[in-house]
Amino acid sequence: MMSDTTSTIIFEHPLNEKMRAWLRIESSLQQLTSQRHLNSLASSLAFFRTVTELLEVLERGEVRSELLKELERQQAKLKQWAEIPDVDINIVNSFRLKLKERAIALSKAPRLGQSLKEDKIISMVRQRLSIPSGCCGFDLPTLHLWLHLPQSERDKMVTFWIDSLLPLQQALESILELIRQSAIFRSEISKNGFHQNTAEGADLLRLRLPLTPLLFPQISGHKTRFAIRFLPLDSEKGSVPAHLPFELACC
């Protein structure tokens, strides 16, 4: 078993469009949190690009309704777990209450991302991001002025923007936590860098690989079937062992 997290790396692959969107939203939200201290043009543009990417994902589908359905599904699963003998009923009920609270908060929240879309600063920058170097001071004098406001004022605005996404973030965190914990890692061995199998009812594949040798998985999969091909980071000099141990969880 590869239990040493310092010498392993986890790769994830979605098995449906719903999970693909959720992982992208999760990534954007994590980036926004780490980018929230806007003290230069570079840090500000990184933040606004992430906002733009997040809004594009939110605009593509019924994210709120899909999350609410999943919250309801997870609550039903927890209700079944509560009937299992010797289960820790307090932990199960705590999770059920958390999911219920997050479903209520999400259902009552304004349209996801709407306050970001309506913000004048964000809207102005979004319009220029598709133009190469289109956010220079002479292109966006308003942004240039905004960057010279006291740091505390910018921090207050960024906090408001990020807090407007809190119902989305909390609901998604709870759902992905339960999905990731729904399956344990099992030992597998790929032969000549290839592995295939079925994943009935799974939404997410999780692979844990040793950092050495430097290999990454190229995964193709949808709904119930998946195939994994392991490739070296150095495509010219690297090689793949004939028998490669790894761990796999179908969540």
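Trainee: Let's start with histidine 13: does it count as buried or exposed?
Mentor: Keep in mind that this is a predicted model. A residue is called buried when its relative accessible area is under 20%. Histidine 13 has 14% relative accessibility, so it counts as buried.

Trainee: Where is histidine 13, and which residues is it in contact with, leaving aside neighbours within four places in sequence?
Mentor: Histidine 13 has its place in strand E1, which covers residues 8-14. Once the neighbours within four places are set aside, histidine 13 is in contact with Asp203, Leu204, Leu205, Ile219 and Gly221.

Trainee: How many helices and strands does the protein have?
Mentor: One of the strands is E1, residues 8-14. One of the helices is H1, residues 17-34. Overall, the secondary structure comes to 9 helices and 7 strands.

Trainee: What are the domains, and what distance separates their centres?
Mentor: The domain assignment gives domain 1 (17-181) and domain 2 (185-250). Taken over C-alpha atoms, the separation of their two centres is 30 Å.

Trainee: Which residues have the most contacts inside the largest nonpolar core?
Mentor: The largest nonpolar core has 50 residues. Those with the most contacts inside it are Ile25, Phe47, Phe48, Leu143, Trp161 and Leu168.

Trainee: Which helix gives the most to this core?
Mentor: Helices H1, H2, H3, H4, H6, H7, H8 and H9 each supply at least two residues of the largest core. With 8 residues, the one that gives the most is H2.

Trainee: Where does this core lie with respect to domain 1 and domain 2?
Mentor: Domain 1 covers 17-181 and domain 2 covers 185-250. Both of them give residues to this core, so its place is between domain 1 and domain 2.

Trainee: How many residues are in the other core, apart from this one?
Mentor: Leu205, Leu207, Leu209 and Phe246 are among the residues of that other core. It lies apart from the largest core, and its number of residues is 14.

Trainee: Which residues does tryptophan 161 touch, not counting those up to four places away in sequence?
Mentor: Tryptophan 161 is among the residues with the most contacts inside the largest core. Beyond four places in sequence, tryptophan 161 touches Phe47, Phe48, Leu116, Asp119, Ile121, Ile122 and Trp146.

Trainee: Is leucine 45 buried or exposed, and which residues beyond four places in sequence is it in contact with?
Mentor: Leucine 45 is found in helix H2. Its relative accessibility is 11%, so leucine 45 counts as buried. Leaving aside neighbours within four places in sequence, leucine 45 is in contact with Val125, Leu129, Cys135 and Leu143.

Trainee: What is the distance in space between leucine 45 and leucine 172?
Mentor: Along the sequence, leucine 45 and leucine 172 are 127 residues apart. In space, C-alpha to C-alpha, their distance is 25 Å.

Trainee: Is glutamine 74 buried or exposed?
Mentor: Glutamine 74 lies in helix H3. Leaving aside neighbours within four places, glutamine 74 is in contact with Leu99, Leu178 and Ile179. At 3% relative accessibility, glutamine 74 counts as buried.

Trainee: Which peptide bond is cis, with omega near 5 degrees?
Mentor: Most peptide bonds are trans. To find this cis bond, look at the loop between strand E4 (204-210) and strand E5 (215-222), where proline 213 has its place. The cis bond runs from threonine 212 to proline 213.

Trainee: What is phi of serine 133?
Mentor: Most residues other than glycine have a negative phi. Serine 133 has its place in the loop between H6 and H7, and its 62% relative accessible area makes it exposed. Although serine 133 is not a glycine, its phi is positive, at about 50 degrees.

Trainee: What is phi of asparagine 192?
Mentor: Asparagine 192 is in the loop between strand E2 (186-191) and strand E3 (194-198). At 62% relative accessibility, asparagine 192 counts as exposed. Its phi is a positive value in a residue other than glycine, near 55 degrees.

Trainee: Finally, what share of the residues counts as buried?
Mentor: The protein exposes about 14,400 Å², with 53% of that supplied by carbon and sulfur atoms. Its C-alpha atoms fill a box of roughly 60 × 55 × 30 Å along the principal axes. Of its 251 residues, the share that counts as buried is 39%.

Note on methods. Residues numbered from 1 in each chain as written. Predicted model: local features only at pLDDT ≥ 70, side-chain atom pairs only at ≥ 80, totals over all residues. Heavy atoms only, no water. Core = buried A, V, L, I, M, F, W, Y, C linked by side-chain atoms within 4.5 Å. Buried < 20%, exposed > 50% of the residue type's maximum accessible area, 1.4 Å probe, protein only. Domains from an automatic or database assignment. Contact = heavy atoms within 4.5 Å. Areas by Shrake-Rupley, 256 points an atom, 1.4 Å probe, with all protein chains shown as cover.
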